[in-house]
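Please walk me through this structure, stop by stop, while I have it open in my viewer. I am a first-year student, so tell me what to select next and what I will find there.

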Amino acid sequence: MGDQAVDQVISAGVRVRFAPSPTGFLHVGGARTALFNWLFARRHAGTFILRIEDTDTERSTEESVRTILEGLAWLSIGWDEGPFFQSRNLETHRALALRLLEQGKGYLCFCSPADLDARRKAAEAAGLPWKYDRACLAVPAEEAARRHGGGEPAVVRFRVPDGPIAWDDLVHGPTTFDSAVIEDIILLRSNGSPTYNLSCVSDDIEMRVTHVIRGDDHISNTPKQVLLYRAAEAAPPRFAHLPLILGPDKKRLSKRHGAVSVTEYRDQGYLPEAMFNFLALLGWSPGEGREKMTREEMTAAFRLEDINRKGAVFDEQKLEWLNSQYINDLPADLLAAMIRPALGAERLWAPDLEEGGARRTWVLAVLEALKARSKRLPDFARDARPFLSDEFDYRPEAVEKHLKGGGKSGGPAAVAARMRALQETLARVEPFTEPATEAALRSLAESRGDKPADYIHPLRVALVGTAVSPSIFTVLVLIGRERALTRIDRLVRFLESC
RNA sequence: GGCGCUAUCGUCUAGGGGUUAGGACGGAUGGUUCUCAGCCAUCAGACCGGGGUUCGAAUCCCCGUAGCGCUACCA
C-alpha cells in the first residue's frame, strides 16, 4: 500500500485524545503529548478529544484543570470534543469490571493492602521477584460472593491469561510482553472505585479512540490494557509511545530542573508559536533539516512514523533562539500588544499608545529598533524604558567604561567638554536625521582631533544609560533633538559631580 | 532484583549496506561596525563496545555495556 492509500485508511475517522490528570499544571511533556495528538488529528482531519482523568480525588483539583486548559489555550491547541471528566463515567467503568467478573475473567480478592505489602516486602527481602500470587483465585466463586455479600472487603482482579501479548507500536514497532510477568490487575478497589487501566480502556472504548498517543512511561501499562480490550471483546486502538522529555542530566524533566510548566514559559516571555514549534521538534523531525515551521507546515508534514524513539533533552538555549526568530518575524504592532502588560507593570504604557496617531507610530518604531536584539518579551520592557520614560539610571559598567575611563577618554572633564561641543552641534544640525547627525558628529570629532567613538560612547550613556543599544544615530533620532539635548545636559552635570 | 525501552557531534537531529556522515542550537575565529545583538564567512565537534553476516557495516543480526522508564487498592 502506498503512503496515500495508508493515509486514506487512517483518515477514515481518526479519533485521538489527550488525557491529563489534573494534579498539577500543564508541564511541557504533557503539552508535547497534546501537541502530537493535535497534529495527528489535524493531519488526518480527525477528532481531538480532551479528557480530564480526575479519578484520583485525593490529588485532583479544579485549579489544576484551569491551568491545564489555560496552557492548551495559550498554545492554541483546541479540542473537538470535551473536556470530558472521567469521574462522570465511573459507573460505566464499574459495569465493565462487573461484566468481566461475571464472565469469569476476573475474581474477588480479599487480600488486604497491608497483607499484600508485607508479602511483597518479604519477597523483595528474599531477593525474589514479586507478583501477586493469586492466593484468592482458589476461593470458589460462591464462597467469594457470600463473603463479599457479608461485608468482607474485596477488590476485583482481572485474571491475566497465559500467552504472549504484542502490539505494533507506531513509533517503536512490534513490542511484546510475556503475560507471565504481569500480575492480576486490580480493576475495582475495595471501595468499589475503578483503577486507572480499567477507566482508561473503558473510556477509550466508549469514545471510540482509534489511536492512543502518549508518553513512553505508559509502555508497561499497554500490555495490561491490550488484555483488557481482548477481554472486553473490543478492538484495541493503535498505540504510539512518545519518547520522554529529559532534563540536561538526561533524567525525566521535572521541577528540580527549573521551569516545567508551559505557563511559566509564557510568563518568561516566550511566544506560544515558538514554544509550539520547539516542542514539536522534540522527538520529531520532518527531515530535510526543516526546523522553523508554521503550524500548517507541521500539520502537513506530521507522521507518527517519523517520531524518534530516543528521549530528548529540553534545550532552553535552542528554545530561546527559536523565540528570538519568532520575535523578529512579528510585526511591531502585534509585538506592542504582547508586551503591553509588561510595559504596564513598569508604568511605561500610556493611554495614548492605544489607538493610531503619531505617538503610537513612534513607539512602534522604537520596538522595531529593539527587535533584532531581543530574545524574550521582557527584553523589550527593559530596553524600551529610556525611550518611553526620562527616568532611567546610568549603568555602573557603562559609567566606568565610557565616562571615567582614565587614559583613553581623558577623564570626566574631557568627556564633558566633548559632550558640550556635541550638544552645540546637535542643536544646529538640520535635518535631525540619522545621516545628518552622523555626518555632524564625525566632522566634529575630526575637527577636534578626536575619534568618533569618543563621542558616540558617552552619548549612548547620556541617551539610554547603557553601554549597549541599537545604532546610536537610530537612538538619537528616536529620542529626538530636544530630549537628547536635555539628556546631554544631565550627563554633563553628572560628570561634573564625578 | 524483574520487565521494558533506548543508543549518530555538548544538545536537537538527517542519513539506514558503498557519503569528505549533512543541518540546526551552543562554542571558537574572522568580516561588517559606534557598542551589543544581528547578519555573513570559516573552524572544532559524533556513528557506545565486541562479535558476526557481507567484497563492503554507522546502517542488518547477536552479545555486552550504559542510560532511562515501569515495577501501588496513583494516573
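Begin by selecting Ala34 in chain A, which sits in helix α2, residues 28-43. Keep in mind that you are looking at a predicted model. Is Ala34 buried or exposed? Ala34 has 27 other C-beta atoms within 10 Å, and a residue counts as buried from 20 such neighbours upwards, so Ala34 is buried. Now show its surroundings: leaving aside residues up to four places away in sequence, Ala34 touches Phe18, Leu72 and Ile77. For a sense of scale, add Phe380 to your selection. Ala34 and Phe380 are 346 residues apart in sequence, and their C-alpha atoms are 31 Å apart in space.

**Zoom out to the whole chain**

Colour chain A by secondary structure, and you will see 22 helices and twelve strands. Turn the chain slowly: along its principal axes, the C-alpha trace spans about 110 × 55 × 40 Å. The radius of gyration of chain A is 33 Å, whereas a compact globule of 498 residues would have one near 23 Å. Of those 498 residues, 34% count as buried. Contacts also reach along the sequence: among those between residues at least 6 apart, 78% join residues at least 24 apart.

**A parallel pair and its helix**

Next, select strand β2 (residues 47-52) and strand β3 (residues 81-85). The two run parallel and are joined by three bridges. To find a point where they meet, look at Arg51, which stands opposite Phe84 in β3. Add helix α3, residues 62-74, and you have a right-handed β-α-β unit made of β2, α3 and β3.

Stay here for two backbone details. Pro83 lies in strand β3, and the peptide bond joining Gly82 to Pro83 is cis, with omega about 5°. Then move to Ser76, in the loop between α3 and β3. Ser76 is not a glycine, yet its phi is positive, at about 55°. With 11 other C-beta atoms within 10 Å, Ser76 is exposed.

**An open antiparallel sheet**

Now pick out β4, β5 and β8. These three strands form an open sheet in the order β4-β5-β8, with antiparallel pairing. Which strands stand at the edges? They are β4 (106-109) and β8 (186-188); each has a single partner strand, so one side of each is left without a neighbour in the sheet. Neighbouring strands here are turned by 40° against each other on average, direction ignored. In general, strands of a sheet pair through backbone hydrogen bonds. Zoom in on β4 and β5 (residues 155-158), which pair over four bridges. One place to look is Cys109, whose bridge partner in β5 is Val155.

**Another crossover**

Select strand β10, residues 238-242. Four of its five residues are buried, so this strand is mostly covered. Five bridges join β9 to β10, and the two strands run parallel. Arg214 has His241 in β10 as its bridge partner. Follow the chain from β9 through helix α8 (residues 222-231) to β10, and you trace a right-handed β-α-β crossover.

Just before you leave, select Arg208, in the loop between α7 (196-206) and β9 (211-215). Arg208 has a positive phi of about 55° although it is not a glycine. Its 13 C-beta neighbours inside 10 Å make Arg208 count as partly exposed.

**Around the RNA**

Show RNA strand B and everything around it. How many residues surround RNA strand B? There are 58, and the closest are Ser21, Glu53, Arg189, Tyr196 and Ser471. Several elements give two or more residues to the surface near RNA strand B, including α5 (113-125), β7 (173-178), β12 (312-313) and α12 (316-329). Highlight α20 as well, which gives the most, with four residues.

**Last stop**

Finish at Pro431, in the loop between α18 (411-428) and α19 (434-447). The peptide bond from Glu430 to Pro431 is cis, with omega near -10°.

Key: Residues numbered from 1 in each chain as written. Chains lettered and ligands numbered in written order. Predicted model: local features only at pLDDT ≥ 70, side-chain atom pairs only at ≥ 80, totals over all residues. Pairing = 2+ DSSP bridges. Axes fitted to C-alpha atoms, helices over the stretch in contact; angles between N-to-C directions. Rg over C-alpha atoms; globule rule 2.2 N^0.38 Å. Buried ≥ 20, exposed ≤ 12 C-beta atoms within 10 Å, placed from the backbone. Contact = placed C-beta atoms within 7 Å. Right-handed = clockwise from strand over helix to strand, strands pointing away. Near = placed C-beta within 6 Å.
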